[in-house]
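Work through the exercises below with the model open beside you. Try each task before reading its solution.

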Amino acid sequence: MFFKLSEEHEMIRKMVRDFAKNEVAPTAAARDEEERFDRGIFTQMADLGLTGIPWPEQYGGIGSDYLAYCIAVEELSRICASTGVTLSAHTSLAGWPIYTFGTEEQKQKYLKPMATGEKIGAYGLTEPSAGSDAGGMRTLAVKDGEDYILNGSKIFITNGGEADIYVVFARIDPNEKRTSAFIIEKDMPGFSVGKKEKKLGIRSSPTTEIIFEDCRVPKENLLGNEGEGFKVAMMTLDGGRNGIAAQAVGIAQGALDAAVAYAKERQQFGKPIISQQGIAFKLADMATSIEAARLLTYQAAWLESQGLPYGKESAMSKLYAGDTAMKVTTEAVQVFGGYGYTKDYPVERFMRDAKITQIYEGTQEIQRLVISRYLAK
């Protein structure tokens, strides 16, 4: 096996790393504190081609692959996890199902402006009574002539309120669990944005409720075949987990970067604390876990890029990377000691941001269920 990224992947890494350092980092702490989304940063990402990394040029993308996309999410999250998840939800959760299941007309109308960054995408699956049990959703889509009438609500929508295009799932029969997927535009009558969540972490990434009150959706906005919504949702989450694994790796790497830099400067007992075995070994364990998480993530992204099965691998990468992010960021705070518990340093933000990677796009418990089912086959 040849463990070396292509020249294209290395160029994308350098470009995103420079962008994150120069354009994202200066306002990351302030945006977190103020819970403020910056559309200008998204526009800058679009100018660099980041909002359409894996999509063909005919749909406004740059024609690269999912590994390049995961590298971009990782490098953004290394500085600001909120920016990383903005790109992840936009690409994996909103763009991927339209690219995979959409008609040519839908791709031109919706995927293309998303790929160019003219519009932001979001994904609506979770409901108050349907989290890990996606089959328990209550949002209903009733056929009315040539249209569908949607009623219900979704919660925890990443990019909610800022997104222009939403991929949403609804039951098509109140007495059955069959669902369909729909493309919703923010200006459709009957669609509105509800409560904005106040969160522990990823605070400059908006998370909201979205509401449907007799929202009329043209039949042309049905995504895939009627009744195939569950299939669309689950396949989308497989790829989405690659993006969250990449986010987790980036968060962990950012925390390690900060911890190493601090350990080189902080003097105790007459020498830098990186020379103290208790700290040095801690940093070594952190670095090893991150590298293992990165390799799992890159493997899953490579498999997806090659058109090979990757469901088990994406669950493994998300599971391990999420746990690694939480462990590494907690240890990074410990390396800083009391200073790590203050907002003067970024590790407390990294620790707050890390927790969500163990929850969204399938909890760690769900990932273990997915992996065990593959093992049982």
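**Exercise 1: the two sides of a helix**

The face of α10 that is turned away from its buried side carries the exposed residues E365, R373 and A376. Exposed means over 50% relative accessible area, buried under 20%, and partly exposed in between (1.4 Å probe, protein chains only). Helices (H or I, at least four residues) and strands (E, at least two) are DSSP runs, numbered from the N terminus. This is a predicted model, where local features need pLDDT of at least 70, side-chain atom pairs count only at pLDDT 80 or more, and totals for chains, interfaces and linings use all residues. Residues are numbered from 1 along each chain as its sequence is written, and side-chain values use heavy atoms, with hydrogens and water left out.

Task: find which residues of α10 are buried, and what they pack against.

Solution.
- Step 1. Q364, Q367, V370 and I371 are buried in α10.
- Step 2. These residues cover an arc of only 115° around the axis, so they lie on the same side of α10. The arc is that of the directions from the helix axis to the C-beta atoms.
- Step 3. The general rule: an α-helix has 3.6 residues a turn, so residues three or four places apart point the same way.
- Step 4. The buried residues of α10 pack against α6 and α8 (311–336).

**Exercise 2: a helix with a bend**

Task: check the span of helix α4 (residues 81–101), then locate its bend.

Solution.
- Step 1. The expected span is 1.5 Å times one less than the number of residues.
- Step 2. For the 21 residues of α4 that gives 30 Å; the end C-alpha atoms are 29 Å apart, which agrees.
- Step 3. α4 bends by about 40° at G95, and P97 follows within four residues. The bend is the angle between axes fitted to the seven residues ending there and the seven starting there.
- Step 4. 19 of the 21 residues are buried, so α4 is largely enclosed by the rest of the structure.

**Exercise 3: the partners of a strand**

Task: which strands pair with β3 (residues 147–158)?

Solution.
- Step 1. Two strands pair if DSSP finds at least two bridges between them.
- Step 2. Five bridges join β3 to β2 (residues 140–144), antiparallel. D144 has D147 as its bridge partner.
- Step 3. Two residues separate β2 and β3 in a hairpin, and G145 in the turn has a positive phi of about 65°.
- Step 4. Nine bridges join β3 to β7 (residues 207–218), also antiparallel. S153 stands opposite I211.

Technical notes. Contact means heavy atoms within 4.5 Å.
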